[in-house]
Amino acid sequence: MTSSMTGYGREVLHLENSTLIIEIRSVNHRFLDITTKIPRTFLFMEDRLKKIIQSYFERGRIEVYIELDGERFSKRELRADWELMDQYIAQLRQARQRYDLKEEVPMSVIPSMSGFFSIEETKETPSELHRLILDGLDKACKQVESMREQEGRFLKEDLQKRLETIYDIVSELHHRRGSVRIEYQRRVTERVHGYLEGKIPEDDARIMQEVVLLADRGDITEEITRLSSHIEHFRRMMSGKTAAGRKLDFITQEMHREANTIGSKSTDAKISEWTVELKSEIEKVKEQVQNIE
């Protein structure tokens, strides 16, 4: 199935007083590029998260966002900087001795000094939450996959129409090539005999052989045959069940190469006109192919 590389998925889970939000954004990329923006508490799960994503997608830049809000998995802890406090007490005792102070260091001073204590939030992540994250990511991936497939159907319809246009142009080129070749031979023969002013008979075999060789250089039969083959190959790849974006891109490049060769060989105004239309349609196909997985 033809799929695009653009999609979005969002899964929200409510856990008593907490909310788990999982978002996935997918955009075009030459390969599969996965980036995660998740709480530090879940960093150990990053490899497992990426494996789930890899099971769904083969190309695209995938951005994963996980956010956990609430109090169910949070608690506060008081942290003390014992090293700093030891230095502070030691300095107070040294000052007491230096100035022969009689009073002991009051304990009430310590809590009022900044930097000794800090309040930090720690996260509790039980196995239940880990399972919910993995299940939520799987559901979000399905949403992205569905959106990519839906957009892929529109892309496929557009590409099929453009391929039909390309096929029609190639058919016109095929029908005209024979008459153009004969007309080219006639013009070259007339010019040769005009330059020779009748000094060599018209049935001279060598002259006719050179005329045929010149006409063959402008013949576009091989290019038309290869273009027809590329069109059929393109259609087969679009109807396949695996991701074919990179292969379609390569086929499109080959189609463009053949169209350029036809344009360079053309000595006929009509063929030149059709070639311009052909290259324009191939360029549009190439732009659309960049969106396909």
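**Exercise 1. Which residues of α7 are buried?**

Before you start, note that this is a predicted model. Work along α7 and sort its residues by burial.

*Solution.* Start with the limits: α7 covers 245-265. Now go through the helix and pick out the buried positions, which are G245, L248, D249, I251, T252, E254, M255, E258, A259 and I262. To read that pattern, recall that an α-helix has 3.6 residues a turn, so residues three or four places apart point the same way.

**Exercise 2. Check the length of α7 against what its residue count predicts.**

*Solution.* Step one: take the 21 residues of α7 and use 1.5 Å a residue, with the expected span being 1.5 Å times one less than the number of residues. Step two: that gives 30 Å. Step three: compare with the end C-alpha atoms, which are 31 Å apart, so the two values agree.

**Exercise 3. Lay out the fold of the chain, from element count to contact range.**

*Solution.* Count first: the protein chain has eight helices and six strands. Then put them in order from the N terminus, and you get β-β-β-α-β-β-α-α-β-α-α-α-α-α. Next, burial: 34% of the 293 residues count as buried. Last, look at contacts with a separation of 6 or more; 81% of these come from residues 24 or more positions apart.

**Exercise 4. Take apart the largest nonpolar core and find which helix gives the most to it.**

*Solution.* The largest nonpolar core holds 27 residues, and I166, L173, F234, L248, M255 and L278 touch the most other members. Now ask where the core residues come from: α4 (127-196), α6 (221-238), α7 (245-265) and α8 each supply at least two. Of the contributors, α4 gives the most, with seven residues. Zoom in on L173 to see one of these well-connected members: beyond its sequence neighbours up to four places away, L173 touches I220, I224, I262, I271, W274 and L278. Don't stop there, though, as a second, separate core of 26 residues includes I34, F42, I52 and I133.

**Exercise 5. Work out how the two chain ends meet, using S3 and E293.**

*Solution.* Place both residues: S3 sits in the segment before β1 (7-15), while E293 is in the segment after α8 (269-289). Check burial next. S3 has a relative accessible area of 11%, so S3 is buried, and E293, also at 11%, is buried because the cut-off is under 20%. Then list partners, skipping residues within four places in sequence. S3 is in contact with R148, E149, G152, N291, I292 and E293. E293 has contacts that include S3, R148, Y56 and F57. For R148, there is also a polar contact: its side chain is joined to that of E293 at 3.4 Å.

**Exercise 6. Classify the aromatic pair and find a charge over a ring.**

*Solution.* The count comes to one aromatic pair. The pair is Y56 with F57, 6.0 Å centre to centre, with 40 degrees between the planes, which makes it tilted. Both Y56 and F57 are buried. For the charge, turn to R235, which lies over the face of Y167 at 5.6 Å from the ring centre.

**Exercise 7. Is H14 buried or exposed?**

*Solution.* H14 is part of strand β1. Its relative accessibility is 63%, so H14 counts as exposed. Look for a side-chain partner and you find T19, joined to H14 by a polar contact of 3.5 Å. Finally, compare sequence with space: H14 and D69 are 55 residues apart along the chain and 9.6 Å apart, C-alpha to C-alpha.

Terms used: Residues are numbered from 1 along each chain as its sequence is written. This is a predicted model: local features need pLDDT of at least 70, side-chain atom pairs count only at pLDDT 80 or more; totals for chains, interfaces and linings use all residues. Side-chain values use heavy atoms; hydrogens and water are left out. Rings of Phe, Tyr and Trp (its six-membered ring) pair if their centres lie within 6.5 Å; planes under 30 degrees apart count as stacked, over 60 as edge-to-face and the rest as tilted. Buried means under 20% relative accessible area, exposed over 50%, partly exposed in between (1.4 Å probe, protein chains only). A charge sits over a ring if NZ of Lys or CZ of Arg is within 6 Å of the ring centre and within 35 degrees of the ring normal. Helices (H or I, at least four residues) and strands (E, at least two) are DSSP runs, numbered from the N terminus. A polar contact is a pair of N or O atoms within 3.5 Å; within protein, one must be able to donate a hydrogen and the other to accept it, and residues adjacent in sequence count only if both atoms are side-chain atoms. Contact means heavy atoms within 4.5 Å. A nonpolar core is a set of buried Ala, Val, Leu, Ile, Met, Phe, Trp, Tyr and Cys residues joined through side-chain atoms within 4.5 Å.
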